[in-house]
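Work through the exercises below with the model open. Each task is followed by its solution in steps.

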Amino acid sequence: MAQELTGKVAVITGGASGIGRATVELFLREGAKVVIADISDDAGAALAESLGAAAVYLRTDVSSREAVQAAVDLAVSHFGGLDIMFNNAGISCGAYPDFIDDKLDDFDRVMQVNVLGPMLGTQIAARHMKDHGGGAIVNCASIAGTLAGHAMMTYRASKAGLIQFSKSAAIDLGRYGIRVNCLVPGHIRTPMSSFQQGASSEQIDRLEQEVSAVYLSNQILKRRGEPDDCAQAALFLSGQRSRHITGMVMPVEGGVTAGDPVNHLADIFAARASVLG
Ligand SMILES: NC(=O)c1ccc[n+]([C@@H]2O[C@H](COP(=O)([O-])OP(=O)(O)OC[C@H]3O[C@@H](n4cnc5c(N)ncnc54)[C@H](O)[C@@H]3O)[C@@H](O)[C@H]2O)c1
């Protein structure tokens, strides 16, 4: 089968783990060359090493303009250009208290990584793409940015802000042949969504099972989302199949935001039957 990204060069931020890593691996299988831009040096360097000459790792803190510029420059100098920018790196809040007790200690860092990072990535990539025939930019938001909920208010606000930025950037950059789309993952099996911090390796599997059961309760599709589910969507948004699509907010979440999967009507009629007999 033909490869979708033959001859294309991508920068993938947060490419050392989870969704980013799965996207690095898929893009390489599809013929792209990839700069893995992350701050997790050991994992990023080991991944690049395992993938051979089509991947290179660069320590890149996405909240730094100089670092993001260096990642784009590396794509151009090492691989000859930049066609795809996947602004995927993101962090969650450090703690999850009810909002009333939230000290908002992590506000600045979460906003820098989750909002400023993709804004820098979009702008710096676009400055190159504008003079080189356009390109595809994909920003990674979250259902926390589309679906209101308890706690994690800074994360929710950051992802909602990123969605609005992405749609606006699509409008602003379309004249240069640059498409900007937003990927909106739901609950995807990665270290972030399993809340693995502080868990031992023996505890991680059990933790994942318990956490999965909670996630599946409000999903229409009763399967755990995997990093590759998002990588496939990122591939679609980055390649020719989506050439007429920009400003889109694409959920990859097993139907969580489609509606409430609980059959309330059945419950109501059961209640009615219990009253009326
Ligand atoms: N996993 C989920 O369920 C889920 C759900 C919704 C949205 N997301 C979003 O998907 C994206 C990827 O998350 P994941 O689940 O794969 O998480 P992950 O923790 O597995 O991977 C995140 C990667 O980003 C890197 N990173 C963190 N801060 C960085 C920085 N300042 N500069 C560069 N790299 C940095 C980390 O080192 C890590 O390699 C994030 O934007 C996240 O908010 C994930």
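**Exercise 1: the ligand shell**

The shell around the ligand comprises 14 nonpolar, twelve polar and four charged residues (Ala, Val, Leu, Ile, Met, Phe, Trp, Tyr, Cys and Pro count as nonpolar, Asp, Glu, Lys and Arg as charged, and the others, Gly among them, as polar). This is a predicted model in which local features need pLDDT of at least 70 and side-chain atom pairs count only at pLDDT 80 or more, while totals for chains, interfaces and linings use all residues. Residues are numbered from 1 along each chain as its sequence is written, and side-chain values use heavy atoms, with hydrogens and water left out.

Task: state which side chains place an N or O atom 2.6 Å or 2.5 Å from a ligand oxygen, and how much of the ligand the protein buries.

Solution.
1. For aspartate 38, a side-chain N or O atom is 2.6 Å from an oxygen atom of the ligand (a polar contact is a pair of N or O atoms within 3.5 Å).
2. For threonine 190, the corresponding side-chain distance is 2.5 Å.
3. The ligand taken alone exposes 820 Å², and the protein buries 92% of that (Shrake-Rupley method, 1.4 Å probe).

**Exercise 2: the aromatic pair**

Task: find how many aromatic pairs the whole structure holds, and explain what is tied together.

Solution.
1. The search finds one aromatic pair (ring centres within 6.5 Å).
2. Tyrosine 96 and phenylalanine 195 form it, edge-to-face (planes over 60 degrees apart), at 5.2 Å centre to centre and 75 degrees between the planes.
3. Tyrosine 96 lies in the loop between strand 4 (84-87) and helix 4, and phenylalanine 195 in the loop between strand 6 (178-185) and helix 6 (201-217), so the pair ties together parts 99 residues apart in sequence (helices, H or I of at least four residues, and strands, E of at least two, are DSSP runs numbered from the N terminus).

Key. Polar contact = N/O pair within 3.5 Å; in protein donor to acceptor, adjacent residues only side chain to side chain. Phe/Tyr/Trp six-rings, centres within 6.5 Å; stacked < 30°, edge-to-face > 60°.
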